[in-house]
Amino acid sequence: MPRLAVLIAAVCFGTTGTAQALGPDGTDPLAVGAARILLGALLLAAVASRGSAAGTRWDHRALAAAGAGVAAYQLAFFTAVQETGVAIGTVVAIGSGPAFAGALGRLIGREPLTRRWAAATALAAAGVALLAGGAEDAQVSPAGVGLALVAGLSYATYTVAAKRLLGSGHPPEAVMARAFGTGAVLLTPVLVATGGGGLGSPGGLALVVYLGAVPTAFAYVLFARGLQRLSSGETTTLTLAEPLTATALGIIVLAEQPTVATAAGAALVLGGLGVLAAGGAGRRVVVPALDAAR
């Protein structure tokens, strides 16, 4: 089931923040992001033994866009979090992803926008906003918000480019290996510039191994398998389960105190995901400005 695959991937994505919180103090978040992509790319290359479909050529522009999206997301998101806090940075980056992906998928891949997708995205994005609003340390920085929007656009770019590569007949493992390999090459100078960012300790290495193996390699293979069958917009809407998972882990593992806003936000996210899980493609939403681009 493609939707279930994406939801499991989103749950894995949602463990990232808790893993970092439990990791050693003093690690550089940019170094963590670069290292996880590097290790994830190596693991994905190891499992991509099937290679590409026979006689199918790689679209190098789509591959470059996917790799650039992977790298840009890491840099923009972690910097946005530093500038404007975890709550606002996360809600803007993750909440804007489905809208960007839906628009890009429509413009580039001629993917239809549906009423089901629009309703699910609106519910889930509102829920993510409430989840962020429940944080006491929420603060707004224009620069941070701008970087978070760049992160959302980067994630959408990666998703749409990966969808194009999958549509050409390449298997999910090969697409993820090449996309993350390209992203790893782009992020290697960051890892070098930070001097490893304090990741040389046993705790730091354990953190990188977990992040590279579970929420990167394993999760993105599932993500790609779901993306093969779903539109870019629907796939990114399903990944809004990520902040819901992060919130739940914060309460259960990190002993964070939930608020009324947190509970309401969780209910809205679940409602939005339920709309998509109900099945069916839904009726198309005709967006004149985008429809004219056909």
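Select helix 4 (60–84) to begin: in this predicted model, helix 4 gives the most to the lining of the largest cavity, with four residues. Next, display the full lining, which is made up of Ile-37, Gly-69, Val-70, Tyr-73, Gln-74, Tyr-155, Tyr-158, Phe-180 and Tyr-220. Two elements give two or more residues to this lining, namely helix 4 and helix 7 (142–167).

With the lining shown, turn to the space that these residues enclose. The volume of the largest cavity is about 70 Å³, and a search of the whole structure finds one cavity of 30 Å³ or more. Colouring the lining by residue class gives seven nonpolar residues, two polar and no charged.

Keep helix 7 selected and add helix 8 (residues 172–193). How do the axes of helix 7 and helix 8 cross? They come within 10 Å and cross at roughly 135°. Helix 7 is therefore oblique to helix 8, because an angle counts as oblique when it falls outside the ranges under 35 degrees, 65 to 115 degrees and over 145 degrees. The crossing in which helix 7 passes helix 8 is right-handed.

Now show the side chains where the two helices meet. Helix 7 brings Tyr-158, Ala-162, Leu-165 and Leu-166 to the contact, and helix 8 brings Pro-172, Val-175, Met-176, Ala-179 and Phe-180. By class, this contact has nine nonpolar residues, with no polar and no charged ones.

Finally, centre the view on Tyr-158 and Phe-180. Both belong to the lining of the largest cavity, and both take part in the contact of helix 7 with helix 8.

Notes
Residues are numbered from 1 along each chain as its sequence is written. This is a predicted model: local features need pLDDT of at least 70, side-chain atom pairs count only at pLDDT 80 or more; totals for chains, interfaces and linings use all residues. Side-chain values use heavy atoms; hydrogens and water are left out. On a 1 Å grid over the protein atoms alone, a cavity is a set of points where a 1.4 Å probe fits but cannot get out, and a pocket is an open set with protein on both sides within 12 Å along at least five of seven lines; lining residues have an atom within 4 Å of a point. Grid points are joined across faces, edges and corners, and a volume is the space filled by probe spheres set on the points. Ala, Val, Leu, Ile, Met, Phe, Trp, Tyr, Cys and Pro count as nonpolar, Asp, Glu, Lys and Arg as charged, and the others, Gly among them, as polar. Axes are lines fitted to C-alpha atoms, for helices over the stretch in contact, and angles run from 0 to 180 degrees between N-to-C directions. A crossing is left-handed if the near helix is turned anticlockwise from the far one by less than a right angle, and right-handed if clockwise. Contact means heavy atoms within 4.5 Å.
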